[in-house]
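User: I have a structure open and would like to go through it piece by piece. Can you help me read it?
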Amino acid sequence: MLSIDSLGVSYGKTPILRDVDIDVANGEIVGIMGKNGVGKTTLVKAIMGLLEADEGRIVFDGEVVSAAPDADPSSTDSTGLPARFAAAIGGGSKDGTHVSADERARRGMGYIPQGRDVFPELTVEENLRMGEPINSGTSEFQYELVYDYFPILDERRDQEAGTMSGGQQQMLAIGRALVGNPDLLLLDEPSEGVQPSIVQNITRDLERVNDELDTTILFVEQNLHVVQNLTERCYAIDKGTIVDELGPDRLESRDAVAEYLAV
Ligand SMILES: Nc1ncnc2c1ncn2[C@@H]1O[C@H](COP(=O)(O)OP(=O)(O)OP(=O)(O)O)[C@@H](O)[C@H]1O
């Protein structure tokens with residue numbers, strides 16, 4: 001579903017991400033953990049198309065969505081398709097490729113930003129409507145599905161989002177992304193500013209979404225509980241590059257996980 005190959009991203013002339021390689025298969029829940037300032041948000045924004053790649057490529061659902069101008073045209077993507085052929089079908093080119101965030105949303109990416117970014121003066125229902133990708137024609141069924149997953153949003157349809165707790169706002173942000181019926185959900189620190197008991201609920205909700213809706217999930221986190229409970233495969237990022245990949249055995253070990261977190 002998602003293949004990231006030697007990705008590099010800079011702010012101006014300052015390199016932030018270098019040589020990032022990540023693969024996520026259809027239906028997986030994959031984590032990326034790391035301490036403050038190591039590049040987690042930069043990575044999620046680059047996947048969503050809010051930042052451009054200056055090295056490497058991102059392939060989503062078999063199509064190149066980011067390719068730096070000098071991305072190696074002889075390399076192959078996860079489908080085995082050489083980049084120059086991917087270019088011919090709307091992917092990479094020698095000038096680089098950058099599919100916009102709007103277009104990535106239409107193609108099936110859902111994004112839940114750090115800090116949630118709900119519109120505080122709009123109601124729950126109005127916030128959910130904002131999640132509809134342009135021209136997507138989201139059905140009412142999709143909204144009812146969101147209310148089924150998050151009954152608290154149903155109860156508070158007419159409440160201003162800014163008056164709700166951090167956990168409820170996080171549910172709203174997840175619901176807003178689900179309105180677009182995404183194939184891939186990208187979450188940037190879903191536990192931030194949410195009280196621990198609600199973090200557990202949100203972790204269970206995300207598992208249910210993955211299981212029942214077959215939605216692939218990629219999240220970044222520095223919360224030990226979320227990393228240990230939500231995923232069986234987690235990358236560790238430090239100083240802008242992937243430094244480790246942990247499977248189920250090592251994820252069970254508090255010490256192995258804590259090494260990469262500020263706990
Ligand atoms: N708009 C920006 N312009 C310049 N540098 C930035 C910008 N945004 C972030 N940075 C820098 O890029 C680096 C990575 O930041 P990023 O927000 O991706 O890290 P993070 O791992 O998500 O951190 P946190 O856990 O604190 O959110 C940091 O050194 C940060 O100061």
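User: Which residue is the bridge partner of Y11 in strand 2?
Analyst: The bridge partner of Y11 there is T14. Keep in mind that this is a predicted model.

User: How many residues sit between strand 1 and strand 2 in the hairpin?
Analyst: The hairpin of strand 1 and strand 2 has 2 residues between the strands. G12 is in the turn and has a positive phi of about 60 degrees.

User: And how many bridges join strand 1 to strand 2?
Analyst: There are 7 bridges, and the two strands run antiparallel.

User: What about strand 1 and strand 4, parallel or antiparallel?
Analyst: Strand 1 and strand 4 pair in the antiparallel sense, over 5 bridges. One pair to look at is D5, whose bridge partner in strand 4 is R57.

User: In what order do the strands of that open sheet come?
Analyst: The order is 2-1-4-5-6, so to speak from one edge to the other. The sheet is open, has 5 strands and is antiparallel in its pairing.

User: Why is one side of strand 2 and of strand 6 left without a neighbour in the sheet?
Analyst: Strand 2 (14-24) and strand 6 (97-98) are at the edges, and each has a single partner strand, so one side of each has no neighbour in the sheet.

User: How many bridges does strand 6 make with strand 5?
Analyst: Strand 5, residues 63-67, pairs with strand 6 over 2 bridges in the antiparallel sense. S66 has H98 in strand 6 as its bridge partner.

User: Which strands does helix 1 lie across here?
Analyst: Helix 1 lies across strand 1 (2-11), strand 2, strand 4 (55-60) and strand 5. Helix 1 runs at about 65 degrees to strand 2.

User: Now the other sheet. What is its strand order?
Analyst: That open sheet has 6 strands in the order 7-8-9-3-10-11, with mixed pairing. Strand 7 (109-112) and strand 11 (241-246) are the edge strands, and each pairs on one side only. On average, neighbouring strands of this sheet are turned by 20 degrees against each other, direction ignored.

User: In which sense do strand 3 and strand 10 pair, parallel or antiparallel?
Analyst: Strand 3 (residues 29-33) and strand 10 (residues 234-238) pair in the parallel sense, over 3 bridges. M33 has A236 in strand 10 as its bridge partner.

User: Which strands of this sheet does helix 1 touch?
Analyst: Helix 1 packs on this sheet and touches strand 3, strand 7, strand 8 (184-188), strand 9 (216-221) and strand 10. The direction of helix 1 makes about 150 degrees with that of strand 8. Helix 7 packs on the sheet as well, touching strand 7 and strand 8. Its direction makes about 165 degrees with that of strand 7.

User: At what angle do helix 7 and helix 8 pack?
Analyst: Helix 7 (residues 166-178) and helix 8 (residues 196-213) pack at about 15 degrees, with their axes 10 Å apart. The two helices are therefore roughly parallel to each other. Their crossing is right-handed.

User: Which residues meet there?
Analyst: G167, Q170, M171 and L178 in helix 7 meet I198, I202 and V209 in helix 8. By class, this contact has 5 nonpolar, 2 polar and no charged residues.

User: Last topic, the ligand. Which residues surround the ligand?
Analyst: The ligand is surrounded by Y11, I16, G34, N36, G37, V38, G39, K40, T41, T42 and Q114. The shell divides into 3 nonpolar, 7 polar and 1 charged.

User: Where does the largest share of the shell come from?
Analyst: Helix 1 (residues 40-48) gives the largest share, 3 residues.

Methods: Residues numbered from 1 in each chain as written. Predicted model: local features only at pLDDT ≥ 70, side-chain atom pairs only at ≥ 80, totals over all residues. Near = placed C-beta within 6 Å. Helix = DSSP H or I, 4+ residues; strand = E, 2+ residues; numbered from the N terminus. Nonpolar A, V, L, I, M, F, W, Y, C, P; charged D, E, K, R; others polar. Pairing = 2+ DSSP bridges. Contact = placed C-beta atoms within 7 Å. Axes fitted to C-alpha atoms, helices over the stretch in contact; angles between N-to-C directions. Parallel < 35°, antiparallel > 145°, perpendicular 65-115°, else oblique. Left-handed = near helix turned anticlockwise from the far one by under 90°.
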